[in-house]
Amino acid sequence: MSATRLVLWRHGVTDWNEQGIFQGRADIPLNERGQAQVVAVAPELVSMRPAAIYTSPLIRARQTAQACVDITGAQVVLDDRLTEINVGTWVGESLASVTVLDPAAGADMAAGRDYRRSPTGETMTEVGVRVAQCLRDIADAHDGETVLVVSHGGAIRMGIATVLGWPYEASIQLAGMANAAWSIVSRWRANWRLETYNHVPVAAPPGVNTEI
């Protein structure tokens, strides 16, 4: 029996990433640099021979997954649980502007506490719960295999933290995932292990190391 490996790939860069604007579930596509990133990275991921590809349904994630599909011809499974954090009414706002709109959230942010992204959005803890359950289900369906999972920076970080049993306060010790970077978690029986975090291939054009 071999370990199950999940390769968690963050989507390439978008215009809103570069501008520091909250995207949340807004369906913002990759920009030209983002497309170049994922095309450059895809061959290295394909070399890991993933048995399946799962992705967030947002277009920036689907375009990222497509770079591997173009090489392998594999079918992609969409899973809503891999979607980026819902930031509610903060969509289109900058980090500076939301601290003015919601001073309490700004104070929590500065203190390293989890907080709700606008009155109608999610907390990172909530994101971690749904993403981690998705990762567990994928691991169950692909025992002993390698699987490529395409998602978003905050969703990947919190999914990893949650399967490892880390609270939000511990999760923020991990840096934000860079665009087109990947992390690898493996599961042996019931035990999860973080093998690689935020790996940025040399071949990839620079992205943005922020979860906005």
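**Two crossing helices, a six-stranded sheet and a small gap**

Helices α6 and α7 pack against each other at an angle of about 75°, and their axes lie 7 Å apart. The two helices are therefore roughly perpendicular to each other, since angles of 65 to 115 degrees are counted that way. On the α6 side, the contact is built from Met124, Thr125, Val127, Gly128, Val129, Val131, Ala132, Leu135 and Arg136. From α7 come Gly154, Ala155, Arg157, Met158, Gly159, Thr162 and Val163. Sorted by type, the residues of this contact come out as nine nonpolar, five polar and two charged. All of this, like everything below, is read from a predicted model.

Next comes the sheet. It is an open one of six strands, lined up in the order β3-β2-β4-β1-β5-β6, and its pairing is mixed. β3 (76-78) and β6 (191-199) sit at the edges with a single partner strand each, so one side of each has no neighbour in the sheet. On average, neighbouring strands are turned by 20° against each other, direction ignored.

At one edge, β2 (residues 52-55) and β3 run parallel and are joined by three bridges. Here Tyr54 stands opposite Val77 in β3. Helix α3 (residues 59-72) packs on the sheet and touches β1, β2, β3 and β4. The direction of α3 makes about 165° with that of β2. Helix α2 (residues 32-46) packs on the sheet too, this time touching β1 (4-10), β4, β5 (182-188) and β6. Between the directions of α2 and β1 the angle is about 175°.

At the other edge, β5 and β6 pair in the antiparallel sense, with six bridges between them. Ile184 stands opposite Thr196 in β6. These two strands form a hairpin with two residues between them, and Arg189 takes a positive phi there, near 55°.

What about empty space inside? Rolling a probe the size of a water molecule over the atoms shows where such space is left. Searching the whole structure turns up one cavity of 30 Å³ or more, and the volume of the largest cavity is about 30 Å³. Its lining is made up of Leu8, Leu82, Val131, Leu135, Val149, Ser151, Ala155 and Ile156. By type, that lining divides into seven nonpolar residues, one polar and no charged. Three elements supply at least two lining residues each: α6 (124-141), β4 (146-151) and α7 (153-163). The crossing helices thus come back into the picture here: Val131, Leu135 and Ala155 are among the residues that line the cavity, and they also take part in the contact of α6 with α7.

Conventions: Residues numbered from 1 in each chain as written. Predicted model: local features only at pLDDT ≥ 70, side-chain atom pairs only at ≥ 80, totals over all residues. Heavy atoms only, no water. 1 Å grid on protein atoms, 1.4 Å probe; cavity = no way out; pocket = protein on both sides within 12 Å on 5 of 7 lines; lining within 4 Å. Points joined across faces, edges and corners; volume = space filled by probe spheres on them. Helix = DSSP H or I, 4+ residues; strand = E, 2+ residues; numbered from the N terminus. Nonpolar A, V, L, I, M, F, W, Y, C, P; charged D, E, K, R; others polar. Pairing = 2+ DSSP bridges. Axes fitted to C-alpha atoms, helices over the stretch in contact; angles between N-to-C directions. Contact = heavy atoms within 4.5 Å. Parallel < 35°, antiparallel > 145°, perpendicular 65-115°, else oblique.
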